[in-house]
Amino acid sequence: MDQDLAALLDDLVSATTREEVPSADSLLAVLASGDDDLLDVVAAAARVRRRWFGRRVKLAYLVNLRSGLCPEDCTYCSQRLGSAAEILRYTWLRAPEALGAARAGIDAGASRVCLVASGRGPTERDVTRVCGVVSRIVEEHPGVEVCACLGLLSDGQAERLRDAGASAYNHNLNASEDAYPEICTTHEHADRVATVRRVQGAELSACSGLIAGAGETPEQLVDVLLELRALDPDSVPVNFLVPFEGTPLAGRHELTPQRCLRILAAARFALPRAELRLGAGRELHLRALQPLALHVASSLFLGDYLTAEGQDAAADLAMIADAGLEVEEVPGPAGRTAPSRVVPRRRGAGTDVAPNA
Ligand code: SF4
């Protein structure tokens with residue numbers, strides 16, 4: 001390995017132990033490193049991962065409560081205004097279907113359920129509806145974390161979700177402030193930051209991440225990592241663009257498995273204590289290097305994504321075991337001793353479409 005890169009990686013690892021914010025230049029150097037140095041970069045990031053997360057992998061499960069039909073125009077999103085992507089489109093799932101979907105994920109080993117609805121932000125009635133589902137999940141599955149993801153929040157909505165039993169709220173920055181106008185014109189980066197701060201103000205655990213491969217420059221990628229570091233979310237999903245036909249980013253393929261690993265390593269150095277979650281696009285872009293990514297990230301989504309199909313859950317569980325890692329169990333007396341290891345992908349569950357159609 002190049003001696004300068006070796007010294008840089010050592011500095012980055014030791015900076016994380018002092019909780020120092022890494023420089024933009026050092027993160028850019030990680031992104032610019034070559035394929036010959038890839039395993040050294042991953043090994044350095046893995047040291048940081050092990051320090052804070054050991055061999056644990058947290059499994060999260062997405063329940064798409066409302067799909068498509070969003071009035072916002074985020075270019076990367078298959079649910080955006082005017083999207084012609086072939087996705088499921090439906091208004092709110094009824095509570096029994098939402099609960100059934102959550103149970104499937106929990107039974108398969110998920111210790112976190114993410115209740116997601118497309119749209120700019122929830123009405124008070126929407127929050128009431130979601131609070132009902134949250135409280136039922138918490139009652140039935142003590143110890144399982146429930147994260148809501150409903151868009152931009154207004155005053156008091158985070159508190160209502162918290163009081164219903166939600167432990168976290170997701171609202172991704174997705175892109176840096178500088179890049180944001182290129183990916184969305186219907187709301188601003190500052191709106192997203194404000195929602196993450198509202199979540200933290202309500203003492204909910206903040207989950208906020210990014211999307212890579214959507215045309216951003218390395219500098220913009222580093223900017224969003226450092227913006228996230230400044231916000232200090234507890235968990236950070238890293239999504240890799242799934243370039244849906246029918247969206248403005250159709251056909252865009254900027255990522256390689258090696259680049260994805262470098263992005264994850266940079267994220268690990270920038271956010272050493274955050275639960276880095278492999279998000280949508282991991283199967284498409286990391287491909288056979290997914291197990292290596294798990295030595296940098298500490299979490300993944302089981303089953304299907306909101307509008308894209310995921311890998312079979314049994315394959316994910318086998319991958320985790322083969323990598324020498326362990327699924328994080330639900331804490332407390334209600335926790336299982338072992339997940340059932342059965343999960344359908346279920347993207348269509350709760351709709352008129354058969355699961356996995
Ligand atoms: S990312 Fe969210 S706000 Fe943007 S178009 Fe998609 S569902 Fe709507």
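Before I turn to the first helix, one definition is needed: the expected span of a helix is 1.5 Å times one less than its number of residues. Please also keep in mind throughout that what we are looking at is a predicted model.

With that in hand, let me begin with helix H4, residues 95–107, which has 13 residues and reaches 18 Å from its first C-alpha to its last, close to the 18 Å that is expected. Within H4, the buried residues are Ala98, Leu99, Ala101, Ala102, Ala104, Gly105 and Ile106, and these pack against strand S1, strand S2 (112–117), helix H5 (124–140) and strand S9. After H4 comes Gly109, with a positive phi near 125°.

Ahead of H4 there is a loop, running from strand S1 (56–66) to the helix, and Ala84 lies in it. Is Ala84 buried or exposed? It counts as exposed, because 11 C-beta neighbours are found inside 10 Å, and the limit for that class is 12 or fewer. Even so, Ala84 has a partner from elsewhere in the sequence, since its C-alpha atom is separated by 4.2 Å from that of Gly246, 162 residues away along the chain.

A second loop residue, Thr307, makes a useful contrast. Thr307 lies between strand S9 (299–302) and helix H13 (313–322), and with 22 C-beta neighbours inside 10 Å it counts as buried, the requirement being 20 or more. If we set aside residues up to four places away in sequence, Thr307 touches Ser67, Ser78, Gln79 and Ile87. From Thr307 to Phe244 the C-alpha distance is 9.7 Å, for a separation of 63 residues in sequence.

Gln79 brings us to the ligand, for Gln79 is one of the residues around it. The others in that shell are Cys70, Glu72, Cys74, Cys77, Arg80, Ser118 and Gly151. Sorted by class, the shell has three nonpolar, three polar and two charged residues.

Let me move on to helix H8 (189–201), which has 13 residues and extends 18 Å between its first and last C-alpha atoms, close to the expected 18 Å. In H8 the buried residues are His189, Arg192, Thr195, Val196, Arg198 and Val199, so that two arginines, Arg192 and Arg198, are listed there. Their cover includes helix H6 (157–164), strand S4 (168–170), helix H7 (180–183), strand S5 and helix H9.

Just after H8, Glu203 takes a positive phi of about 60°, and Glu203 is not a glycine. As a general point, most residues other than glycine have a negative phi. Glu203 sits in the loop that leads from H8 to strand S5 (205–207), and it counts as exposed, because it has 11 C-beta neighbours inside 10 Å.

Helix H9, residues 218–231, follows a similar plan of description: its 14 residues should span 20 Å, and because its end C-alpha atoms are 20 Å apart, the two values agree. Which residues of H9 are buried? They are Leu221, Val222, Asp223, Val224, Leu225, Glu227 and Leu228, and what covers them includes helix H2 (24–32), strand S6 (210–212), strand S7 (235–240) and helix H10. H9 is followed by Asp232, a residue other than glycine whose phi is positive, near 60°. Asp232 lies in the loop between H9 and S7, and with 13 C-beta neighbours inside 10 Å it counts as partly exposed.

Since H10 has now been mentioned, let me describe how helix H3 (residues 38–53) and helix H10 (residues 257–270) pack, which is at an angle of about 35° with their axes 9 Å apart. The crossing of H3 past H10 is left-handed. On the H3 side the contact is made by Leu38, Val41, Val42, Ala45, Val48 and Arg49, and on the H10 side by Gln258, Leu261, Arg262, Leu264, Ala265, Arg268 and Phe269. Taken together, the residues of this contact divide into nine nonpolar, one polar and three charged.

I will finish with Glu283, which is found in helix H11 (residues 282–286). Glu283 is partly exposed, because 19 other C-beta atoms lie within 10 Å, and being buried would require 20 or more. Leaving aside neighbours within four places in sequence, Glu283 is in contact with Gly310 and Gln311. Ser14, by comparison, is 269 residues from Glu283 in sequence and 31 Å from it in space, C-alpha to C-alpha.

How values were computed. Residues numbered from 1 in each chain as written. Predicted model: local features only at pLDDT ≥ 70, side-chain atom pairs only at ≥ 80, totals over all residues. Helix = DSSP H or I, 4+ residues; strand = E, 2+ residues; numbered from the N terminus. Axes fitted to C-alpha atoms, helices over the stretch in contact; angles between N-to-C directions. Left-handed = near helix turned anticlockwise from the far one by under 90°. Contact = placed C-beta atoms within 7 Å. Nonpolar A, V, L, I, M, F, W, Y, C, P; charged D, E, K, R; others polar. Near = placed C-beta within 6 Å.
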